[in-house]
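Trainee: I am new to this structure. Could you walk me through it?

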Amino acid sequence: MVNWPAEIGRAAKYNVYMSKFSKPVLGIESSCDETGVAVYQPGRGLLAHALYSQVKLHADYGGVVPELASRDHVRKLLPLVRETLDRAGLGMRDLGGVAYTAGPGLVGALLVGASAARAMAWALDLPAIGVHHMEGHLLAPLLEPDPPQPPFVALLVSGGHSMLVAVRGIGDYEVLGDTLDDAAGEAFDKTAKLMGLPYPGGPALAAEALKGDPGAFHFSRPMTDRPGLDFSFSGLKTQVLLAWNKSDRSEQTRADVASGFEQAIVETLAIKCRRALEATGMSRLVIAGGVGANRRLRAQLAEAGEREGFSVHFPRLEFCTDNGAMIALAGAIRLAAGQEQGPQIRVQPRWSLETLEPVPTA
Ligand code: KG4
Ligand code: ZN
């Protein structure tokens with residue numbers, strides 16, 4: 001069995017890592033429209049985390065305005081770092097390392113977190129590491145009490161990505177399927193917008209769907225009628241647009257359409273998860289990323305797992321969407337493995353998960 005280094009958070013048997021690196025790691029997330037900060041300490045777990053969401057700032061525009069996002073990260077990041085350290089009962093000098101999201105994401109937003117993290121690390125003479133945002137999502141279930149051991153299949157569904165990944169160890173990732181057009185979260189957001197729901201569309205549409213009848217409108221389950229693990233959700237959005245424009249546009253119809261759309265996405269994701277488990281012979285499934293907060297997705301996959309004999313692992317709701325905790329955790333694991341990087345402030349708006357360095361197991 002592989003020793004899972006994330007267990008550095010709790011079990012003494014993983015003390016190979018703990019003995020090398022046991023000081024608190026500050027994590028900073030600023031890749032999009034949330035400023036997230038957290039402190040994770042190997043051996044003790046998550047000490048504190050805080051999040052500032054820019055939802056109100058972007059709501060008038062119906063989506064994220066990159067320049068406004070960067071400026072707001074500048075305003076909010078340092079106060080949030082102070083608040084998080086206070087909550088953890090720590091001072092800057094108690095830290096043992098700094099981790100920050102280095103991509104993928106909005107370049108200006110990423111640069112705010114990276115610059116602050118690098119400056120802190122330089123001033124305090126600490127090791128620092130740029131974390132892959134999707135690796136952060138993928139590892140978030142390890143913050144929960146019963147962390148999954150690799151190998152497992154990860155379904156990563158966020159505003160920018162829909163991916164199925166075979167995880168054979170930390171940093172050992174094979175992308176089995178990717179989105180050909182819109183990501184699952186993007187499909188939720190765009191579909192919500194065309195029905196007049198507020199930004200961010202995913203949670204708004206999910207709330208509507210609760211009031212609707214999932215059988216009233218039937219939308220297709222894209223790309224499930226042929227082999228393969230890629231996704232395509234943009235056609236689904238067009239189907240909804242046509243149905244919505246032809247309808248009476250009543251409150252109930254909106255809820256029914258939302259429910260039919262949500263059911264189509266959930267079933268499509270579930271079909272592909274099953275296929276990925278079969279193709280890899282793996283029996284554990286991890287769901288992460290913002291869409292992982294969707295209650296219907298969580299319920300239907302948990303049920304399928306019970307029925308079909310695979311285990312399903314989710315982060316708690318607040319760690320599905322962007323947060324600093326997942327970045328602090330991923331950074332702590334990599335710093336523990338000695339993977340600090342030089343002092344350059346470097347971010348990568350596009351970055352393949354498959355290029356990450358594997359983390360040797362204990
Ligand atoms: O992971 P995340 O916070 O940011 C990115 O890395 O993109 O994901 C945000 C996405 C948005 O598209 C949002 O609408 C979607 O996750 N989302 C949801 C729900 N909560 C957030 N989609 C469906 N149902 C939800 N409950
Ligand atoms: Zn994300």
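Trainee: Which strands does helix 4 (residues 107-124) lie across?
Mentor: This is a predicted model, where local features need pLDDT of at least 70, side-chain atom pairs count only at pLDDT 80 or more, and totals for chains, interfaces and linings use all residues. Residues are numbered from 1 along each chain as its sequence is written, and side-chain values use heavy atoms, without hydrogens and water. Helices (H or I, at least four residues) and strands (E, at least two) are DSSP runs, numbered from the N terminus. Helix 4 lies across strand 1, strand 4 (97-103) and strand 5.

Trainee: In what order do the 5 strands form the open sheet?
Mentor: Two strands pair if DSSP finds at least two bridges between them. Strand 3 (45-53) and strand 5 (128-132) each pair on one side only, as edge strands. The pairing is mixed, and the order is 3-2-1-4-5.

Trainee: Which residue in strand 3 stands opposite Gly 36?
Mentor: Strand 2 (residues 34-41) runs antiparallel to strand 3, with 8 bridges joining them. Gly 36 stands opposite Leu 51.

Trainee: Where does the largest nonpolar core lie?
Mentor: A nonpolar core is a set of buried (under 20% relative accessible area, 1.4 Å probe, protein chains only) Ala, Val, Leu, Ile, Met, Phe, Trp, Tyr and Cys residues joined through side-chain atoms within 4.5 Å. The largest has 65 residues. Helix 11 (residues 325-336) gives the largest share, 10 residues. Domain 1 (17-141 + 319-355) and domain 2 (148-314), with bounds from an automatic or database domain assignment, both give residues to this core, so it lies between them.

Methods: Chains are lettered from A and ligands numbered from 1 in the order in which they are written. Contact means heavy atoms within 4.5 Å. Axes are lines fitted to C-alpha atoms, for helices over the stretch in contact, and angles run from 0 to 180 degrees between N-to-C directions. Buried means under 20% relative accessible area, exposed over 50%, partly exposed in between (1.4 Å probe, protein chains only).
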